[in-house]
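Q: I'd like to zoom in on one part of this model and go through it slowly. Keep it relaxed, but give me the cut-offs as you go.

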Amino acid sequence: MSATDGEILTVMDVARFLRVPKSTVYKLARLGELPASKIGKHWRFLRRDIHEWMRHRSHAA
């Protein structure tokens with residue numbers, strides 16, 4: 001496990017990483033398709049969860 005695996009990312013961070021619009025990140029998080037936590041009105045993501053989600057998506061394709 002990398003030291004950055006537990007890093008908390010914002011919607012902008014995830015959008016940049018996935019190279020998609022922020023609106024896509026909000027939609028996927030709201031639908032429960034992207035692993036996320038809502039803290040107040042803000043969405044937060046764990047880097048390791050996003051990497052794992054990407055790994056599963058690439059294997060399913």
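Where is the place of Y26, and which residues is Y26 in contact with, leaving aside its neighbours within four places in sequence?

A: Y26 is in helix α2; helices here are DSSP runs of H or I with at least four residues, strands are runs of E with at least two, and both are numbered from the N terminus. Before we dig in, this is a predicted model, with local features needing pLDDT of at least 70 and side-chain atom pairs counting only at pLDDT 80 or more, while totals for chains, interfaces and linings use all residues. Residues are numbered from 1 along each chain as its sequence is written, and side-chain values use heavy atoms, with hydrogens and water left out.

As for partners, Y26 is in contact with V11 and W43 once neighbours within four places in sequence are set aside; a contact is a pair of heavy atoms within 4.5 Å. With a relative accessible area of 37%, Y26 is partly exposed. The scale goes like this: under 20% is buried, over 50% is exposed, and partly exposed is in between, using a 1.4 Å probe and protein chains only. For a sense of distance, the C-alpha atoms of Y26 and G6 are 21 Å apart, with their positions 20 residues apart along the chain.

Now the helix itself. The buried residues in α2 are V25, L28 and A29. Their arc around the axis is only 100°, which puts them on the same side of α2; that arc is taken from the directions running from the helix axis to the C-beta atoms. Packed against these buried residues are α1, β3 and α3. Turn to the face of α2 pointing away from its buried side and you meet the exposed residues S23 and R30. Past the helix, G32 follows with a positive phi near 80°.

Next, the partner helix. α1 and α2 pack with their axes 8 Å apart, at an angle of about 110°. That makes α1 roughly perpendicular to α2. The axes are lines fitted to C-alpha atoms, for helices over the stretch in contact, and the angles run from 0 to 180 degrees between N-to-C directions. On that scale, under 35 degrees is roughly parallel, over 145 roughly antiparallel, 65 to 115 roughly perpendicular, and the rest oblique.

Who actually meets whom? V11, M12, V14 and A15 are on the α1 side, with K22, V25 and Y26 on the α2 side. The residues of this contact split into 6 nonpolar, no polar and 1 charged. In that count, Ala, Val, Leu, Ile, Met, Phe, Trp, Tyr, Cys and Pro are nonpolar, Asp, Glu, Lys and Arg are charged, and the others, Gly among them, are polar.

α1 has its own buried set: V11, V14, A15 and L18. Here too the arc is only 100° around the axis, which puts the four on the same side of α1. Among the elements covering them are β1 (8–9), α2, β3 and α3.

Between the two helices there's a loop, and R19 is found in it. R19 comes just after α1 and has a phi near 60°, a positive value in a residue other than glycine. R19 is also exposed, at 77% relative accessible area.

Back inside, V14 deserves its own look. V14 sits in helix α1 and is buried, at 0% relative accessibility. Not counting residues up to four places away in sequence, V14 touches L9, V25, L34, F45 and I50. V14 and R44 are 30 residues apart in sequence, yet their C-alpha atoms are 9.2 Å apart in space.

Finally, the core that ties this together. A nonpolar core is a set of buried Ala, Val, Leu, Ile, Met, Phe, Trp, Tyr and Cys residues joined through side-chain atoms within 4.5 Å. The largest one has 13 residues, and V14, V25, L34, F45 and I50 touch the most other members. Two or more residues come from each of α1 (11–18), α2 (22–30), β3 (42–46) and α3 (47–60). α1 gives the largest share, 4 residues. L34 has contacts with V14, V25, L28, A29, F45, I50 and W53, again leaving aside neighbours within four places in sequence.
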